[in-house]
Amino acid sequence: MSNWKDKHGILRVITFYRAFNLIALKLSYSFSRITKIPILWGKPFSLSIEPTTACNLGCPECPSGLKQFTRPTGKLDIELHERMLKQVSRSVFYVNYYFQGEPFLHPQFLELIRQAKKQRIYTSTSTNAHFIDASKAAEIVNSGLDRLIISIDGLTQETYENYRVNGQLSKVIEATKLLVAAKLEQKSNTPNLIFQFLAVKPNEHEIPAVFSLGKELCVDEVRIKTAQLYDYKNGHSLMPENETYSRYKLQADGTYRLKYKTGNHCWRMWSGSVLTWDGKVVPCCFDKDAQHVLGSIENSDFSAIWKSNTYRAFRKSVLTGRNKIDICKNCSEGAKVWV
């Protein structure tokens, strides 16, 4: 299932400057790959902004769920967020309000969305859907949120809670119904509702049925996502038996490797960035514990950070020795993440 209206929603927010900036980024990235020199023309067109690191679940491959962060738990300040947007909105037209944590645990989460919509930015987020009642569903639709990814990683309570530890599948189903009803009531095409099914060994047999459920509940799209596993070399209890649903390939010696070659390049270092709840700038979503802080919005302008020697040095290291960087060793850049 796909939704052309969702794609149209992105196209509607692209101004002449934003389009020109995107072309400049593409060209500079291409030249950088050839020369191995981090040439940078333009500013990011996309960002991930973290509303909070708090989460109600305990998913086994998630540092947020396992409470394994060395960085503090907290929530994004509204004024800091507004400052972020003012610094980036000329070039940025896509913001994913998700990094770690459950966004709807932020008490003013939908105010973040409303602030972004005032800047003509396409907004997206991902949720475990445990905090969406009828009132919240109506507020979500009214906020202008463009895309809402709903994690549904099992079709029985047993398979669901195998990965979504402490979660309740019934809450996910009920929240989905309420969101569909709220869209109908308000005659709204948004948010585009996406069922995201993380394929792991305990639930892979349910993959065909999730498409049927999505159709039954009138969600706009169903996506099957391969799982990132931290300790995969000797196999893993969550690794699917069907290699189609895995990021890893069995080798002759019985060990596993990434299916896809990474190479010394990464479009993410040119296209976007990640801002943590407390204003730190990190290179991408694989730096979950913010080990590679490139600057902070609290004491510097984003443009200065984006063009800084620190950021430039990180891009250079990606172009010359990406596989030596810890967060790049299990990265999905260039991999088939969606099946």
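**Exercise 1. Packing around helix H4**

The buried residues of H4 pack against which elements? Work on the predicted model shown above.

Solution.
- Step 1. List the partners: buried residues of H4 pack against helix H3 (78–88), strand S3 (122–127) and helix H5 (134–143).
- Step 2. Name the residues. H4 spans residues 109–118, and its buried positions are Phe 109, Leu 110, Leu 112, Ile 113, Gln 115 and Ala 116.
- Step 3. Look just past the helix. Arg 120 follows H4 with a positive phi of about 55°.
- Step 4. Turn to charged side chains. A network of salt bridges links Glu 111, Arg 114, Lys 136 and Glu 139.

**Exercise 2. Gln 196 and its strand**

Find the strand that holds Gln 196. Then decide: is Gln 196 buried or exposed?

Solution.
- Step 1. Locate the residue. Gln 196 sits in strand S5, residues 192–199.
- Step 2. Apply the cut-off: buried means under 20% relative accessible area. Gln 196 has 10% relative accessibility, so it counts as buried.
- Step 3. Find the contacts, leaving aside neighbours within four places in sequence. Gln 196 touches Ile 149, Ile 150, Ser 151, Ile 152, Asp 153, Arg 223, Lys 225 and Trp 338.

**Exercise 3. From S5 to S6**

How many bridges join S5 to S6? Which hand does the crossover have?

Solution.
- Step 1. Pair the strands. S5 and S6 run parallel and are joined by 6 bridges.
- Step 2. Pick one facing pair: Phe 197 stands opposite Ile 224 of S6.
- Step 3. Trace the path. The chain leaves S5, passes through helix H8 (residues 207–217) and reaches S6; this β-α-β crossover is right-handed.
- Step 4. Check the cover. Strand S6 (residues 221–226) is largely enclosed by the rest of the structure, because 5 of its 6 residues are buried.

**Exercise 4. Three salt bridges**

How many salt bridges are there in the count? Take three of them and ask how each partner is placed.

Solution.
- Step 1. State the total: the count comes to 13 salt bridges.
- Step 2. Start with Asp 6 and Arg 147. Their closest N and O atoms are 2.7 Å apart. Asp 6 belongs to helix H1 (residues 4–11) and Arg 147 to strand S4 (residues 147–151), so the salt bridge ties together parts 141 residues apart in sequence. Asp 6 is buried at 7% relative accessibility, and Arg 147 is buried at 9%.
- Step 3. Go on to Asp 153 and Arg 164. Here the closest N and O atoms lie 2.6 Å apart. Asp 153 is in the loop between S4 and helix H6 (157–163), while Arg 164 is in the loop between H6 and helix H7 (169–185); they are 11 residues apart. Asp 153 is buried, with a relative accessible area of 1%. Arg 164, at 13%, also counts as buried.
- Step 4. Finish with Lys 280 and Asp 278, which meet at 2.9 Å, N to O. Asp 278 is buried, with a relative accessible area of 16%. Lys 280 is partly exposed, at 30%.

**Exercise 5. A nonpolar surface patch**

Which residues form a nonpolar patch on the surface? How is Leu 27 placed: buried, partly exposed or exposed?

Solution.
- Step 1. Name the members: Ile 23, Leu 27, Phe 31, Ile 34 and Trp 41. Together they have about 540 Å² of accessible area.
- Step 2. Place Leu 27. It lies in helix H2, residues 16–35.
- Step 3. Classify Leu 27. Partly exposed is the range between buried, under 20%, and exposed, over 50%. Leu 27 has a relative accessible area of 44%, so it is partly exposed.

How values were computed
Residues are numbered from 1 along each chain as its sequence is written. This is a predicted model: local features need pLDDT of at least 70, side-chain atom pairs count only at pLDDT 80 or more; totals for chains, interfaces and linings use all residues. Side-chain values use heavy atoms; hydrogens and water are left out. Patches are made of residues with over 30% relative accessible area and no salt bridge: like charges are joined within 9 Å, nonpolar side chains (Val, Leu, Ile, Met, Phe, Trp, Tyr) within 5 Å. Accessible areas come from the Shrake-Rupley method with a 1.4 Å probe; for residues, only the protein chains shown count as cover. A salt bridge is a side-chain nitrogen of Lys or Arg within 4 Å of a carboxyl oxygen of Asp or Glu. Helices (H or I, at least four residues) and strands (E, at least two) are DSSP runs, numbered from the N terminus. Buried means under 20% relative accessible area, exposed over 50%, partly exposed in between (1.4 Å probe, protein chains only). Contact means heavy atoms within 4.5 Å. Two strands pair if DSSP finds at least two bridges between them. A crossover is right-handed if, with the strands pointing away from the viewer, the path from the first strand over the helix to the second runs clockwise.
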